[in-house]
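Let's walk through this fold the way you'd chat about it at the bench. Have a look first, then we'll take the questions in turn.

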Amino acid sequence: MLRDGIGFDRVIIRCGRTDLRKGIDGLKSLIMLEYGMNPLNTGTLFLFCGSNRRNIKGLIFEGDGFSMITKRLSDGFYQWPRNSDEARLVSKEEFIRLMEGYTVDSSIKIFPHATENLTQAGPQ
């Protein structure tokens, strides 16, 4: 379920390290107090990663209560964004890439001037 991205509409990850000893109430508090978001949004999965990057926890409200998902990799680690403690909405493709062991951010960068030159040149 988690790896395939089935069962939720949006995914919001908390970049940086999270103390995964927190339970449902602790993670709910992080969502509300640090980011001002409503954890009662049905279909929104909030993901958190521990310091060793092998463990993640997810929190989702299902309309009548919360479910907490825990996953520990048996080999390797998640390429979790560590640059800051921000919440970040990720697309379905970014989420699947993260679950498969790749970074959320693409390593291929497109520079604006390069695309302008391509569109100005037109077909030849």
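Q: In what order do the five strands form the open sheet?
A: This is a predicted model, where local features need pLDDT of at least 70, side-chain atom pairs count only at pLDDT 80 or more, and totals for chains, interfaces and linings use all residues. Residues are numbered from 1 along each chain as its sequence is written, and side-chain values use heavy atoms, leaving out hydrogens and water. Strands here are DSSP E runs of at least two residues, helices H or I runs of at least four, numbered from the N terminus, and two strands pair if DSSP finds at least two bridges between them. The pairing is mixed, and the order reads β4-β3-β2-β1-β5.

Q: Which are the edge strands?
A: Look for strands that pair on one side only. That gives you β4 (66-72) and β5 (87-90).

Q: Which residue in β5 does I12 stand opposite?
A: β1 and β5 run antiparallel to each other, paired over four bridges. Across from I12 you'll find L89.

Q: Which residues touch the most other members of the largest nonpolar core?
A: A nonpolar core is a set of buried (under 20% relative accessible area, 1.4 Å probe, protein chains only; over 50% is exposed, in between partly exposed) Ala, Val, Leu, Ile, Met, Phe, Trp, Tyr and Cys residues joined through side-chain atoms within 4.5 Å. This one has 19 residues, and the top touchers are L45, L47 and F95.
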